[in-house]
Amino acid sequence: MTYISEKNIDDAINFQCDTGNYHTFCPISCVAWLYQKIEDSFFLVIGTKTCGYFLQNAMGVMIFAEPRYAMAELEEGDISAQLNDYNELKRICEQIKRDRNPSVIVWIGTCTTEIIKMDLEGIAPKLEQEIGIPIVVARANGLDYAFTQGEDTVLAAMVNRCPRESEIKQEKRHNPLLQLLNFGKKPEEADSQYHPHPPLVLFGSVPDPVVTNLTLELKKQGIRVDGWLPAKRYTELPVIDEGYYVVGVNPFLSRTATTLMRRRKCKLINAPFPIGPDGTRAWIEKICGVFGIQPRGLEEREAQSWASVQDYIDLVKGKTVFFMGDNLLEISLARFLTRCGMRVLEIGIPYMDKRYQKAELELLVRTCEEMGVPVPPIVEKPDNYSQIQRIKQLKPDLVITGMAHANPLEARGINTKWSVEFTFAQIHGFTNARDILELVTRPLRRNARLLELGWTSLVQE
Amino acid sequence: MKLAYWMYAGPAHIGTLRIASSFKRVHAIMHAPLGDDYFNVMRSMLEREKNFTPVTASIVDRNVLARGSQEKVVDNIIRKDKEEKPDLIILTPTCTSSILQEDLANFVERARLNTDSDVLLADVNHYRVNELQAAERTLKQVVQFYLEKAERKGDIVTEKTPNPSVNIIGISTLGFHNQHDGRELQKLMTDLGITVNSIVPQGASVHELKKMPSAWFNLIPYRELGLATATYLQEKWGMPYVDITPMGVLETARCIRKIQEVLNQQGANVNYEDYITHQTLNVSQAVWFSRSIDCQNLTGKKAVVFGDNTHAAAMTKILTREMGVHVVLAGTYCKYDRDWFCQQVEGLCDRVLVTEDYTEVADAIAEIEPEAIFGTQMERHVAKRLNIPCGVISAPIHIQNFPIGYRPFLGYEGSNQIADLVYNSFTLGMEDHLLEIFGGHDTKEVLTKSISAQSDLNWSEEALRELEKIPGFVRGRVKRNTEKFARERGITRITLEVMYAAKEALGA
């Protein structure tokens, strides 16, 4: 693998930054998947009716399944500081404790709490003492972040709650029951199938089947996963200490990575993300490389994975795709689709962390070289209006975009795929390559069937 | 602070955006952080809109927080003016801009100097009004702006049309079945020989507004939207208005009689009585339908109604007066207009509930255990949980409430649609009867799914078998009532005797 420095990436890729007038989900939407992931949590979004209305509409039917999230809806008295923030939050959190008794309450700060400078980080520790439930504060607001970055702010806040080795040892000493529970386990025996390597913790919220899947893929290489951030339950947050290795599974987790490095002195393995067979292989290879392990059977594993999606590849080969950009998965998806034989015309992305995504960017450049296609321009903070002008001009075979533009583009005869589906579908690891292509090809398959009817454009312009 | 899981009416800016996107060539610019343009998704999804929603955001980010919006808002307005060439740009404040207290009015003033389009600042305060009130205000603001502008320019059309004519005010984007209602009202007006002068705001151009005063009267089909505009038009231009919602056969007749009165006062000399009779008895099927023997089974059935003012009030009237259904509870989430609602449903239901808290509504429903619910999407979900049928009659609504088939709620065709909705919500009449005789579809069915499935009470074999004979949809209620009866009397074993005693005592 040729090494490309940051400067070389800048030479190889045309980075642009536009006006930031684009459509995306508010980062508070992360509560929708995080409350399901962290089973003993309760997410309290401290904001206005606007936030509530967004959540209620964006989450659709989930809202009716007794969700473990709610709004602390700010009223005029809160804004003008006639009411005391501490007392108000105390009243609400006590009610939550009474009704749901969660193991953690996550406060999601919003634009409003930022503007009125509500001191959530200051109030939380005091209230935590008083009601006896941990309170984690994450500022997932639309002033600073887009969509999936909400998860990043929550996980970054969770890092500080992960136990240290010393705390665990102390707890063991003070808690004979814990020793009793561990009694009978023979860790040495279990370890024999793993290579000796420093502890490794993975970060990023993915559905449990994906957790199992990626953990097993690493196990095949003799690499032990010592923990995931987040775990299934808040009470099971992994031990993270100085010298641990960490690796991300999603491209939007730069704050979490930074926090792990700076606050916990962890070593970040900078790898491409395990999205697509190519990404998964590169991800595993990079981890193996860091630990000095020779990967086994990865090439066959990747080839096998590609072979199983050949029918879909035949469909997308030679087609063009345009990412309008709204969830930060764009680079990884573009790299994967390039490998599938598609030509990417533009990669829109809300925010581009060239350091955290360095390995992914390098893989993108290399993939483009190997597939003999130009490296697409990366447009940070895109301007949707100008993008639509470009789409009209370029007439891509597929536009990956938000729901605000999908129907209007379809009505103009342009195939679209709703981008949010990529954040909710299982897209990681070798086995899920088919799911990504299932999503990408769906509009192509559907519209191919309707094509013979001849009604492609349904508007007069 | 208020702990809230769900809300009936959206935030103020949604109301403004609904008005802006209803008009033709009107563009709204929200002063909002990233992600607040969720309105575009709703419109594109729910209404399956083919065109780009004319709403963009002037993004409030960290820099704006530090230095103020400065030129940003003005630049965005001017840019949109060049790109889209709209007739009007409405600068829309959000909760965020409400507390930033930037001088948006000043931005509007400055932008106006450089645009061909008109520019307005929506006069809504996020913390004082909700979606419905904001829509009401914005519509009035736009109408007033263009009438006054036309008056200044001297091209306002105040001369009445030669034939009786009407402005239909209040049909809007994302309104519950508004598109279909609009068509039905137009048809009704044509039948009555009344020319439709304009429909506002849906599909209207702001340039048409100047001819609004030439109509003989204004028709306000919905309580929530249009009344402020109608009041303004009456005060300033002396135009009478009719604000009776023509929903249900009786109210449609009352609305038409009121129109007749308003027109005759202006010398039209019309008589619609024959039309009303003909429609009621021969054209609309609703009256005959509720008279037909199959609908006897609806008599005295218990129902709960909840929704916005217009639909909940009209539905209560229809159920009680036209179908003989027993409305136990009628409620609305339009707290700001509660008196009107209470007055409308007075004497037509046992209890009135005015609340914005869905758990209060859900608890009331669970307690009443009605045979059918007529409410919003929220009540539909409550109903599903309690295994009670539900018909959706009001916003908030989901995509299935934007049918592509013709489904008005207003006028004579609307009354047909409502009759179907009501009838299909209750278990079909003869089926109900037969089920009762033969003890349910499937006598082998196990007793689960009911809320009190896990009970500490002991049922005798015989009593259980008897319970199984009771049709599924009332079985849960009979079981609960019997158990309640038993508990109150300290009975631990439920036998046939206890069951019948409970039935007699509770009438269940």
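**Figure 1. Two helices of chain A that cross at roughly 90 degrees****.** In this predicted model, the axes of helix α17 (residues 330-339) and helix α22 (residues 433-451) of chain A come within 12 Å. The crossing angle of roughly 90 degrees falls between 65 and 115, so α17(A) counts as roughly perpendicular to α22(A). Who touches whom here? From α17(A) come L333(A), F336(A) and L337(A), and they meet A433(A), I436(A), L437(A) and V440(A) of α22(A).

**Figure 2. Two helices of chain B that cross at roughly 10 degrees****.** Now look at helix α13 (residues 309-323) and helix α14 (residues 338-345) of chain B, whose axes come within 9 Å. Angles under 35 degrees count as roughly parallel, so that is the label for α13(B) and α14(B). On the α13(B) side, the residues in contact are N309(B), T310(B), A312(B), A313(B), T316(B) and K317(B). Their partners in α14(B) are W340(B), F341(B), Q344(B) and V345(B).

**Figure 3. Helix α17 of chain B, and what surrounds it****.** This helix covers residues 411-425 of chain B. Does its length fit the rule of 1.5 Å a residue, or depart from it? The 15 residues should span 21 Å, and the C-alpha atoms at the two ends are 21 Å apart, so the two agree. Is α17(B) largely enclosed or largely open? Eleven of its 15 residues are buried, so the rest of the structure largely encloses it. Among the buried ones are Y412(B), N416(B), I418(B), V422(B) and Y423(B). The list also includes G411(B), G414(B) and A419(B).

**Figure 4. A salt bridge inside one helix of chain B****.** E83(B) and R79(B) pair up, with their closest N and O atoms 2.4 Å apart. Both sit in helix α4 (residues 71-84), and because they are four residues apart, about one helical turn separates them. An α-helix has 3.6 residues a turn, so residues three or four places apart point the same way. E83(B) is partly exposed, at 23% relative accessibility, and R79(B) is partly exposed too, at 24%.

**Figure 5. A salt bridge between two helices of chain B****.** Here E151(B) teams up with K236(B), and the closest N and O atoms are 3.3 Å apart. This pair joins distant parts of the chain: E151(B) belongs to helix α7 (residues 131-153), K236(B) to helix α9 (residues 227-237), and their positions lie 85 residues apart in the numbering. With 36% relative accessibility, E151(B) is partly exposed; K236(B), at 38%, is partly exposed as well.

**Figure 6. Salt bridges in chain A and beyond****.** D208(A) and K232(A) form a salt bridge whose closest N and O atoms are 3.1 Å apart. D208(A) is in helix α12 (residues 208-220), whereas K232(A) is in the loop between β7 (227-229) and β8 (245-248), 24 residues away along the chain. D208(A) is partly exposed at 28%, and K232(A) is partly exposed at 37%. Elsewhere, a network of salt bridges links E114(A), E121(A), R139(A) and D144(A) with R62(B). The count over all chains is 54 salt bridges.

**Figure 7. How confident the predictor is****.** Chain B has a mean pLDDT of 90, and 93% of its residues reach 70 or more. Residues 443-453 of chain B are another story, with a pLDDT below 50. That stretch still has 16 contacts in the model beyond near neighbours in sequence. Where pLDDT is low, the predicted coordinates should not be read in detail. For the complex, the predictor gives an ipTM of 0.90 and a pTM of 0.89.

Technical notes. Residues numbered from 1 in each chain as written. Chains lettered and ligands numbered in written order. Predicted model: local features only at pLDDT ≥ 70, side-chain atom pairs only at ≥ 80, totals over all residues. Heavy atoms only, no water. pLDDT = per-residue confidence, 0-100. Contact = heavy atoms within 4.5 Å. Expected span 1.5 Å × (residues − 1). Buried < 20%, exposed > 50% of the residue type's maximum accessible area, 1.4 Å probe, protein only. Salt bridge = Lys/Arg side-chain N within 4 Å of Asp/Glu carboxyl O. Axes fitted to C-alpha atoms, helices over the stretch in contact; angles between N-to-C directions. Parallel < 35°, antiparallel > 145°, perpendicular 65-115°, else oblique.
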